[in-house]
Amino acid sequence: MIKSENLLQELFEDSGAVVLITDEHYNIRYSSVAIQSILGLEPIAVAGKNVFELAPPAKRDRWRECLENGGNSKRAEIHLVSASGDDLYFMVSVSNHIANHEIRGMVIILHDITEQKRQHFQLERENEHLDHFIFKTTHDLRSPIHSVMGILSLMEGAAEEDRAMYLRMARNSLVKLETLIDEVDKLYKVDKMAVANEEIDVRNLLEGEIALLKNHPRAKNISFELDCKIGPAVFSDPLRSKTIFGNILSNAVKYSDERKALSFIRVETYANDHELVVTVADNGIGIGQEYMTRIFDIFFRATSEASGTGLGLHIVKDTIERLNGKIEAQSQLGVGTRFKIYLPNLSLQKNEAVLSVNEKNTAL
């Protein structure tokens, strides 16, 4: 009998699942050691406690129903909280067929499915995001098309001297459409491409983006200032870095304040072995504090004072996060805006990869 009990206990401990045995009052008589590694609870500390104490109060009724209906083997999902406050999810197997008349309780086996649930929640969020993206994109694609169609209808009966004006209006609508398509294309490319790890010339990259923006209609009165401090080589994803800097600088130009006699966009960079820090500050129209928590939302625009699709800052934040970086934003309406971008310098990873290859070649 003792040998059988020892064998049963070994099976419980080797299963990797949390195994609980309770009496008829749902008090825990036995707990496998997995409860410590998974839930952060000492097996000896839960002995004698009621099994319902392991679940959040809002989930206890559901778990009680599951256990009370465990006359035959039952399986259900349950949400528990670890000792450190982490949300955990389990597939629960319940049986009251314990071949021991002294216990007269049940066996509860908790199979950890937390990672599967997190993936499921992430997929749900992505699908919701995709639905919103498609809805907004199709709406914003239709808007300039309808605008051009309306302008063409007006042109049909317009006097000759008015047609040039209508043509300019149509051209502006088509430019807006082209801009939206370009930004959607950028977002798609950023989403699909694997992250590269190559040395980037930060100064050259920023100078190239600034040179392009100097041709923007709103850039004629803007003074661009670039201060790139000398540091170690910076490794990152060239395309994604270009996307980040291009969009953040373009945003600063679009929302410059044409009422100010002197407009500026200042860019400062600093790099060490661990990260690249880029600060972009301007004295543009600024952003109201009530909008600051939403400026990175897809298609969100805090003002209609300047043209824009509402995709630029969303692309910036999304791209930075894909590089495991972060962005901070400060702004004051009528004063200006300051973005600070932190990107990991992947040089150490690059060096480790090279060393690994060299070690492999030496071994050969």
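In this predicted model, Tyr-26 counts as buried, because its relative accessibility of 14% falls under the limit of 20%. Tyr-26 is placed in the loop between β1 (18–22) and β2 (28–31), and its backbone has a positive phi of about 70 degrees although the residue is not a glycine. Most residues other than glycine have a negative phi. A second residue of this kind is Asn-324, which is likewise not a glycine and has a positive phi of about 60 degrees. Asn-324 is found in the loop between α9 (312–322) and β11, and with a relative accessibility of 67% it counts as exposed, whereas Tyr-26 is buried.

Attention now turns to a sheet and to the helices that lie against it. The sheet is open and consists of 5 strands in the order β7-β9-β10-β12-β11, with mixed pairing. Its edges are formed by β7 (222–228) and β11 (326–332), each of which pairs on one side only. On average, and with direction ignored, neighbouring strands of this sheet are turned by 10 degrees against each other. Within the sheet, strand β9 (residues 263–271) and strand β10 (residues 275–282) run antiparallel and are joined by 7 bridges; Arg-266, for instance, has Ala-281 in β10 as its bridge partner.

Helix α7 (residues 202–213) packs on this sheet, where it touches β7, β9 and β10, and its direction makes about 175 degrees with that of β7. Helix α8 (residues 238–254) lies across β7, β9, β10, β11 and β12 (336–344), and runs at about 175 degrees to β12.

The geometry of α7 can be followed in further detail. At 1.5 Å a residue, its 12 residues should span 16 Å, and this agrees with the 17 Å that separate the C-alpha atoms at its ends. The buried residues of α7 are Val-202, Leu-205, Leu-206, Glu-209, Ile-210 and Leu-213. Seen down the axis of α7, these buried residues fall within an arc of 130 degrees, and therefore they line one face of the helix. On the other side of α7, Asn-204 and Leu-212 are exposed. The elements that cover the buried residues of α7 include β6 (198–200), β7, β8 (234–236), α8, β9 and β10. At the N-terminal end, α7 is capped by Asp-201, of which a side-chain oxygen lies 3.3 Å from the backbone nitrogen of Arg-203.

Beyond the end of α8, Ala-261 lies in the loop between α8 and β9. Ala-261 counts as exposed, because its relative accessibility of 83% is over the limit of 50%. The C-alpha atom of Ala-261 is separated by 9.6 Å from that of Ile-222, a residue 39 residues apart from it along the chain.

A further buried position is that of Lys-117, which lies in helix α5 (residues 114–156). Its relative accessible area is 15%, and Lys-117 is therefore classed as buried, the limit being under 20%. When residues up to four places away in sequence are not counted, Lys-117 touches Glu-77 and Tyr-89.

Note on methods: Residues are numbered from 1 along each chain as its sequence is written. This is a predicted model: local features need pLDDT of at least 70, side-chain atom pairs count only at pLDDT 80 or more; totals for chains, interfaces and linings use all residues. Side-chain values use heavy atoms; hydrogens and water are left out. Two strands pair if DSSP finds at least two bridges between them. Helices (H or I, at least four residues) and strands (E, at least two) are DSSP runs, numbered from the N terminus. Axes are lines fitted to C-alpha atoms, for helices over the stretch in contact, and angles run from 0 to 180 degrees between N-to-C directions. Contact means heavy atoms within 4.5 Å. The expected span of a helix is 1.5 Å times one less than its number of residues. Buried means under 20% relative accessible area, exposed over 50%, partly exposed in between (1.4 Å probe, protein chains only). The arc is that of the directions from the helix axis to the C-beta atoms. A polar contact is a pair of N or O atoms within 3.5 Å; within protein, one must be able to donate a hydrogen and the other to accept it, and residues adjacent in sequence count only if both atoms are side-chain atoms.
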